[in-house]
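Please load the model in your viewer and keep a selection panel at hand. The tour below moves from one selection to the next and says what each one shows.

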Amino acid sequence: MKNRLIGSALCLLVIVAFIGFHTMLNVKSRNKDTAYYILASNMFDKNGELIELDTDGNLVNKRKLKMQDVTKFNFDQDRFIAGGERANNNIILHGDGDYKLFSLLDNPNYSGVTSINLCDEKIIAVMNGNVEGDTYKNLLLVQNEEGKILKKEIIDIYSSDLLCEENVLYIVGTHLFVEEDIWSSKIIKVDLYNDKIEEKIYEKDMEYEKVILFENQLYCLEKLGSFSFHKDISAIFTMNKHLYCIADNEICEIKDGALSDSEYTLPEGTFVSSYLSDNIGVYIYCRNENIVKENQKNHMGYLIKYDKQSTGMVKETPVLIGKRYDHILFFPKEYIDH
């Protein structure tokens, strides 16, 4: 009887410990409202997290995810899509917190993506390939959310971003000339209705990292039309139907080929890691150059909300999380309303 009681007590302790451990892994507070979803991952670790923070940076909820090296992302209305660069693990996240994990081509053994986006009900991605012949070739893939393949085509661009506008796809990145060992900036335009493809190579030793469409013109980081600035441009976006950028960590409007005065300066000791804009305002994740401990958590940086329609209203939310991560992607919950 004594051994039976000891055994029952041990079982009870194990159950209590398991519940406590599970609670630590999946924490949820009912007293706070989610303002941001954080997708955290590491380059060589398959264990990531989906974290929810309120506007003050307090933890609302967190869930463990099998996600590795997730660095490529975009959003379409109330859906946020992100993909792994080294591994073929991808996620579609909705504004209510529901998410779906999937592998492109339904095969996790394939390579990751160099760019990914949503276009209506289609998932569009450029999957990492290899050097073949005289250039670097990647796979352009279009599939629906159920996994049905709608288009597969080899393209000779190392893509860093892609934009879909009314079934016209713009892919930006670099093109490799193997013999000369030269990487040149490149844009590919694909009409998804009739499969028409147009390609244009621009400057040598230049890479396009981000693309937006503004007044029927494409604008890319590293090359803004014919503009040239003696500042470090780390973001480009639109607000209130005007063109803006972040130059030397300052938000400035671009007018007639020149930068206006600074409207806001990012927190000292940070740099632009990622950003999202909906033409109303802009959200920026500024990562700390030096990660420090604060209240036994890692202070990774700040999520900045800059609302142009509210006369330049700024809200700075600290990103305080328990584990330090290589990559932090974010999605504002209020985007579900746009």
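Does Lys308 count as buried, exposed or partly exposed? Lys308 counts as partly exposed, because its relative accessibility is 25%, a figure that, like every other one on this tour, was computed from a predicted model.

Keep Lys308 selected and add Glu263, since the side chains of these two residues meet in a salt bridge with an N to O distance of 3.1 Å. Lys308 lies in the loop between strand 25 (297-307) and strand 26 (313-321), while Glu263 lies in the loop between strand 21 (258-259) and strand 22 (264-265), so the pair ties together parts that are 45 residues apart in sequence. Glu263 is also partly exposed, its relative accessible area being 29%. Over the whole structure, a search finds 16 salt bridges.

Next, select strand 2 (residues 47-53) and strand 3 (residues 59-66), and show the side chains of Glu49 and Lys62, which belong to strand 2 and strand 3 respectively. Glu49 and Lys62 form a salt bridge whose closest N and O atoms are 3.9 Å apart, and this pair links distant parts of the chain, 13 residues apart. Glu49 counts as buried because its relative accessibility is 4%, where the cut-off for buried is under 20%. If you add Lys64 to the selection, you have a network of salt bridges that links Glu49, Lys62 and Lys64.

Staying with these two strands, move to Glu52 and Arg63, whose side chains meet in a salt bridge at 2.9 Å, N to O. Here Glu52 sits in strand 2 and Arg63 in strand 3, 11 residues apart, and both Glu52 and Arg63 are buried.

Now turn to empty space inside the model. How many cavities of 30 Å³ or more does the count give? The count comes to 1 cavity, and the largest cavity has a volume of about 40 Å³. To see its lining, select Tyr37, Ile38, Leu39, Leu50, Phe80, Ile91, Leu93, Leu329, Phe330 and Phe331. The residues of this lining divide into 10 nonpolar, no polar and no charged. Strand 1 (36-41), strand 6 (90-94) and strand 27 (327-332) each supply at least two residues of the lining, which makes these three strands a convenient selection to display alongside the cavity.

The following stop is a sheet: select residues 113-119, which are strand 8, and residues 149-155, which are strand 11. These strands belong to an open sheet of 4 strands in the order 8-9-10-11, with antiparallel pairing. Strand 8 and strand 11 stand at the edges with a single partner strand each, so one side of each is left without a neighbour in the sheet. Neighbouring strands of this sheet are turned by 15° against each other on average, direction ignored. Inside the sheet, strand 9 (residues 122-132) and strand 10 (residues 135-144) pair in the antiparallel sense over 9 bridges, and Glu132 stands opposite Thr135 in strand 10.

Finish at strand 16 (residues 211-214) and strand 17 (residues 217-220), which pair in the antiparallel sense over 4 bridges. Select Ile212 and look across to its bridge partner in strand 17, Tyr219. The two strands form a hairpin with 2 residues between them, and in the turn Glu215 has a positive phi of about 50°.

Terms used:
Residues numbered from 1 in each chain as written. Predicted model: local features only at pLDDT ≥ 70, side-chain atom pairs only at ≥ 80, totals over all residues. Heavy atoms only, no water. Pairing = 2+ DSSP bridges. Axes fitted to C-alpha atoms, helices over the stretch in contact; angles between N-to-C directions. 1 Å grid on protein atoms, 1.4 Å probe; cavity = no way out; pocket = protein on both sides within 12 Å on 5 of 7 lines; lining within 4 Å. Points joined across faces, edges and corners; volume = space filled by probe spheres on them. Nonpolar A, V, L, I, M, F, W, Y, C, P; charged D, E, K, R; others polar. Salt bridge = Lys/Arg side-chain N within 4 Å of Asp/Glu carboxyl O. Buried < 20%, exposed > 50% of the residue type's maximum accessible area, 1.4 Å probe, protein only.
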